[in-house]
Structures are given as structure tokens and as C-alpha cells.
Amino acid sequence: MEYMKRLIAAASTLLLVALLAVLLFQQTPVTPFEVNPPYIGVAFGGNTVEQAKAIIDRTKNYTNLFIVQSGPVSINETALTEICDYAYQSGLNLIVYFGDLSPRLLAPQGLAWRNTWVINAKAAYGEQLLGIYYYDEPGGIFLDTNKTAVGWGLFDNETYDSVAERFKRSFQREQGIVFLKNASIPMYCSDYALYWFDYHFGYDVVFAEVGWNNTRIEKEIALVRGAANFQQKDWGIIVTWTNKQPPYLESGPKIYEQMRACYEAGAKYLTIFNYPYEESGGYGIMEDEHFEALEQIWADIAEGKITQKTKPEAVLILPQNYGFGLRSADDTIWGFWGPDENSAVIWDKAMQLLETYGHKLDIAYDDPDYTLP
């Protein structure tokens, strides 16, 4: 085994940004699909039981995951149960979305059934219920919410550390998260920023959103994989819109390449966000080419044509609790502050390292809770 040299990326006396040595792994033998399979499937954003059953029938022979990511279904206990029963009987693993999940006395009127449903689903579906997709885009929403409009002000002498602690408290004290943690049910979400803090403050798996026009896939891999690796969690991707009008999704071949790159880099989950649906039915925004991409990635992994071979060779370490969106040099910090004297340096260093290492770069944070390799 070889070890890489520790590299230091100096920024300023106030900035802790280090490029550390990490272990170079030898390429591992092809892992049989049956032994350690990824989860490949569709995030269903339709409205009806019939739409869900149609896409399950269309994909069940080359997927093993069905995410019920539908707002209308999540508030309809009968429809949700029928869809999950059908997916379970089709041999698919399940992740179920809820926008909130509070103890019954605090739940919004008409949604008090959700807690009982989760416990019953855990018993009924066993290991095929992978977990609950709870809330959505917590990091991105915190970063991009208009703080003035919602009354999120800064307290006197507020710092990056204190805002990070506020973000943490808002999640760890949330009643639904407490419920899921006490029930030992894994929590999932997708996000487009601040993945490190999603993991650190409670989520078990985060799906990085790829495909949108601002995404540089190497950067998203570096951010989400770096967060997952250091915190010993799994990660995945959800392919989202490229356009805000039809056709929403990228072409099938390009989606295949995105999924391939992410699987090779270590992704455990490969999914496509299938929303919106037309009321008339059909398969949502997915066309034949998108189903073909799913089928091809499934076959190529099963046959060992692609493997998880892209290992990190370098890590860019950011300062503790530096909630910088890292979408541009002038992105905000925690959504409260504009870029500071370190933001441009960090951005330039990240871009340079991505050019050098591509999919082999991780981005993580200086944090006493985690040991660097």
C-alpha cells in the first residue's frame, strides 16, 4: 500500500485550510452485486397509487429501491400504505418521505397517524424499509432562506460557531428527529449545500443533488463523500432537474455518466428525482432514455463492468463551522454573512484542487469530533 504526502494549502493566519495526506487504497477486486449492492431506483414524485404502481412495474427488474417522495401521498395514509405494500411485494427496498413527523399530540391536524404508521411499517417491511426521508434540503434551505422575511436575526456577538450550534439545535431538538432516533430508524435527505452539517447534526444518509446547472459533479462528490467518509456514513446522489421547464432532466446518456462517476467514487445510492407528473398519468418526467440509463447502470454494476475504484487521493480541510455555500467565490456564509476575507482563497484553492484531482478530492472540515486519516 502507498501513502500520499501531506499537503498544506496555506490561506491566511486566520484560515485553517489543509490538504492532508490520506491513505491510497489498492484497487479492490470486483465486488459481486449480491454481496454489497448499491441501491438504484426512482424517487417517485407523483400523485396517485396508479402512477406509483406503473413506475414500479416499469423498473422493478433493474432497480432495488423505491423512494416515495410525494407530498400528496405523504398525507394520505391509505395511498401510502398501498404503494409501499406494492413496492415491498415487488421486492424493492423502501424510503418514505415525510415533511414533518412530530409526536401525535403535536402533529398537524389529520397527520397524527404518521408516527404509528412508521412503527407499523418497520414491523411490516423489515429490512426493506431502509428509513425515512425526513424533511428536505435542510442545509440549502438554511443557507438560502431570506432571513429577514422569516425573522431569523443575528444575536449580539454572533459567530460562525454560534450559528452552527443554532443549526444543530434546530434539528436535534426537532420532535420528529427525536422520535426516529429513539425508534432506531435511519434518516435520509437530499441537499445541495452544507452536507457536512447535515450528517453531523443527525442524518444517516445524504443524497447530493446533481444535474442542476450550477453543479460541478466533481465538487459535489468531494463535498458529500468527504462529509460521509470522515463521519463514517453512506452517501448517494439524486439526479435532479437541469431545466426549469420541459425537458427537465438531462439526457439518458448524460445521466448514466453522472451515475457511473458517482458509483465509481463510492456512492451507495443512485436515484432519479421524478417530478412533476401530469394528472393524466404516465411516467412523470422520465422518458425511455432515462429508464434505459437506470437499466444500463444496473447491468454494468451487476456484471462488474464498473466498480468502485475512484479513491480519494487528497483532502481539502475547511475551518471548523465555516458554513460557506461553496457555490461561487461570493457565496454566503450560513446565509447571514457575505463572503469574508477567506472565501475567495478557499474557492480558488478548491477549484485548483478539483482541476488537479477531479473525482479523487474530498472536502471536509476541521472538527475535533472526527479524526483525520
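**View A. Arg225, a buried residue of helix α10****.** In this predicted model, Arg225 has a relative accessibility of 1%. Buried means under 20%, so Arg225 counts as buried. Its helix, α10, covers residues 217-231.

**View B. The contacts around Arg225****.** Neighbours within four places in sequence are left aside here. Arg225 is then in contact with Glu220 and Trp235. Arg225 also touches Ala265, Thr310 and Pro312. His359, Lys360, Leu361 and Asp362 complete the list of its contacts.

**View C. Tyr192, a buried loop residue****.** Tyr192 sits in the loop between β6 and α9. Strand β6 spans 187-191, and helix α9 spans 195-200. Is Tyr192 buried or exposed? Its relative accessibility is 15%, under the 20% limit, so Tyr192 counts as buried.

**View D. The contacts around Tyr192****.** Again, neighbours within four places in sequence are set aside. Tyr192 is in contact with Glu137, Gly140, Ile141 and Asp144. Glu209, Trp212, Glu220 and Arg327 are also contacts of Tyr192. Pro138 is 54 residues from Tyr192 in sequence. In space, their C-alpha atoms are 9.1 Å apart.

**View E. Polar contacts of the Tyr192 side chain****.** Which side chain makes a polar contact of 2.7 Å with the side chain of Tyr192? The partner is Asp144. The Tyr192 side chain also reaches the backbone oxygen of Gly140, at 3.1 Å.

**View F. Confidence along the chain****.** The average pLDDT of the chain is 87. A score of at least 70 is reached by 86% of the residues. Over residues 1-32, the pLDDT is below 50. Beyond near neighbours in sequence, this stretch has 74 contacts in the model.

Technical notes: Residues are numbered from 1 along each chain as its sequence is written. This is a predicted model: local features need pLDDT of at least 70, side-chain atom pairs count only at pLDDT 80 or more; totals for chains, interfaces and linings use all residues. Side-chain values use heavy atoms; hydrogens and water are left out. pLDDT is the predictor's confidence in each residue, from 0 to 100. Contact means heavy atoms within 4.5 Å. Helices (H or I, at least four residues) and strands (E, at least two) are DSSP runs, numbered from the N terminus. Buried means under 20% relative accessible area, exposed over 50%, partly exposed in between (1.4 Å probe, protein chains only). A polar contact is a pair of N or O atoms within 3.5 Å; within protein, one must be able to donate a hydrogen and the other to accept it, and residues adjacent in sequence count only if both atoms are side-chain atoms.
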